[in-house]
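User: Please give me a close look at one part of this model. Start from a single residue and work outward, and keep it brisk.

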Amino acid sequence: MAAALFTRSLFGNRLIRSSLALYQKPRIFTSFFNKIPFYSRPNAVYLLYRSSGFATCAMASSGFGTRSSFSTQSISTNEPVVSVDWLHANLKEPDLKVLDASWYMPDEQRNPLQEYQVAHIPGALFFDVDGISDRTTNLPHMLPSEEAFAAAVSALGIENKDGVVVYDGKGIFSAARVWWMFRVFGHERIWVLDGGLPAWRASGFDVESSASGDSILKASAASEAIEKVYQRQAVGLITFETRFQPHLVWTLEQVNQNIENKTHQHIDARSKARFDGIAPEPRKGIRSGHVPGSKCIPFAQMLDSSQKLLSVDELKKRFDQEGISLDSPVITSCGTGVTACILALGLHRLGKPEVTVYDGSWTEWGGHPETPVATSDSSS
């Protein structure tokens, strides 16, 4: 019953073909999400992002060994990933939250919700990348307003004091997008699980299923909270306060200005064929090519064969090969703002945490009739 309610609530009119017969016996949780109603401010829906100061991260060792006394306050935010061994050792700590943020390209025909229900890291909650997004645009999974993000994350039971580890079903893919989202809204204690769910399972660690229970109710509440914020309705208790970091996200207008101003080095995470305009875009109505003056480093070059983030030395080689200076500002983009965050993740490991992401990316740029487009046959 809870799974069916969750599917209807979370995805609305999306087509979900449930296969409950494939699920393992769900674990029953001992507590349930309790929505405490209150009324938000009448003018609280932000259509524009609010600016605030940037909180610099602490610089410390990138080693994440097993700790006998755990506190997310003491973990360095200099290193953007944690290992599966580290997460396994600290999984039951009360101020650590784990999110399954799996998302797949439409042509992959994979359903992240169904896969979460079949198998996920014990205690992990489902973070809907498409659902926790801006409902005022037709562009896919754009960054939501501050209040919408705060409402959704609060519904998931996350507080500002919590450390958050996010993973996905491919290794490092959509998890990097959610890592970036939390950082945009001022939460520095956020890490990507290196190698994701595949690395977790390859290490022999347990997974669980939950077709009902607390995790389902919380994910459903997060989806409902997003809808209510954009409809200016009452939402649940807010436990997460945002601190928007405007320098981490750019608009189409800012990218367009950068073509002339050249204040930032622009790196595109799409494949070289799409960048050159040789391969068609996967979404209809989108022109092929790239933003004039940008360079191409496909996101896969940030990862090894097991889909883990490369070492510092290997990452530096990738950027050096394309003439990217770590001493100058960088903006990244891709197709829809997902894999651009993998480039940002790699640059963060190299000690460059303040990397800007073009949220609309090529879907917005290539779909706009008046934006300039370069190809391999044109001068950029």
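Analyst: Start at L99. Leaving aside residues up to four places away in sequence, L99 touches L125, F127, L156, I158, V164, V165, V166, Y167 and F182. Keep in mind that this is a predicted model.

Now step back to the core around it. L99 is among the residues with the most contacts inside the largest nonpolar core, which has 66 residues. F127, F149, V166, W180, F182 and M302 are listed with L99 for the most contacts. Three of those names, F127, V166 and F182, also appear among the residues L99 touches. In general, nonpolar side chains tend to be buried together in soluble globular proteins.

Which elements supply this core? At least two residues come from each of α4, β4 (163–167), α5 (174–184), β5 (190–193), α7, α10 and α11 (340–349). The top contributor is α5, which gives 8 residues.

A separate core also exists. Another core, of 19 residues, lies apart from the largest one. Its members include V98, A124, V165 and Y167. Two of these, V165 and Y167, are also residues that L99 touches.

Back to α5. Is this helix enclosed or open? It is largely enclosed by the rest of the structure, because 11 of its 11 residues are buried. The buried set includes polar and charged names as well as nonpolar ones: S174, R177 and R183 are in it. So are A175, A176, V178, W179, W180, M181, F182 and V184. W180 and F182 thus belong both to this buried set and to the residues with the most contacts in the largest core. Just past the end of α5, G186 takes a positive phi of about 90°.

Two other core suppliers, α7 and α10, also carry salt bridges. In α7 (residues 214–230), E227 pairs with R135, at 2.3 Å from N to O. R135 sits in the loop between β3 (125–126) and α4 (146–155), so the pair ties together parts 92 residues apart in sequence. Both partners are partly exposed: R135 has a relative accessible area of 30%, and E227 has 34%.

In α10 (residues 312–321), the reach along the chain is 4 residues, about one helical turn, between D320 and K316. Their closest N and O atoms are 3.0 Å apart. D320 is partly exposed at 41%, and K316 is partly exposed at 38%.

Compare a buried pair. R274 and E281 form a salt bridge, with the closest N and O atoms 2.7 Å apart. R274 is buried at 16% relative accessible area, and E281 is buried at 12%. This pair is part of a network of salt bridges that links D268, R270, R274 and E281. Across the whole structure, there are 16 salt bridges.

What about the cysteines? The structure holds 0 disulfides. C341 is buried, with a relative accessible area of 0%. The closest cysteine sulfur to that of C341 is in C334, 6.7 Å away, which is too far for a bond. C296 is buried too, at 5%.

To recap the part you asked about: L99 is among the residues with the most contacts in a core of 66 residues, and α5 gives the most to that core.

How values were computed:
Residues are numbered from 1 along each chain as its sequence is written. This is a predicted model: local features need pLDDT of at least 70, side-chain atom pairs count only at pLDDT 80 or more; totals for chains, interfaces and linings use all residues. Side-chain values use heavy atoms; hydrogens and water are left out. A salt bridge is a side-chain nitrogen of Lys or Arg within 4 Å of a carboxyl oxygen of Asp or Glu. Buried means under 20% relative accessible area, exposed over 50%, partly exposed in between (1.4 Å probe, protein chains only). A nonpolar core is a set of buried Ala, Val, Leu, Ile, Met, Phe, Trp, Tyr and Cys residues joined through side-chain atoms within 4.5 Å. Contact means heavy atoms within 4.5 Å. A disulfide is a pair of cysteine sulfur atoms within 2.5 Å.
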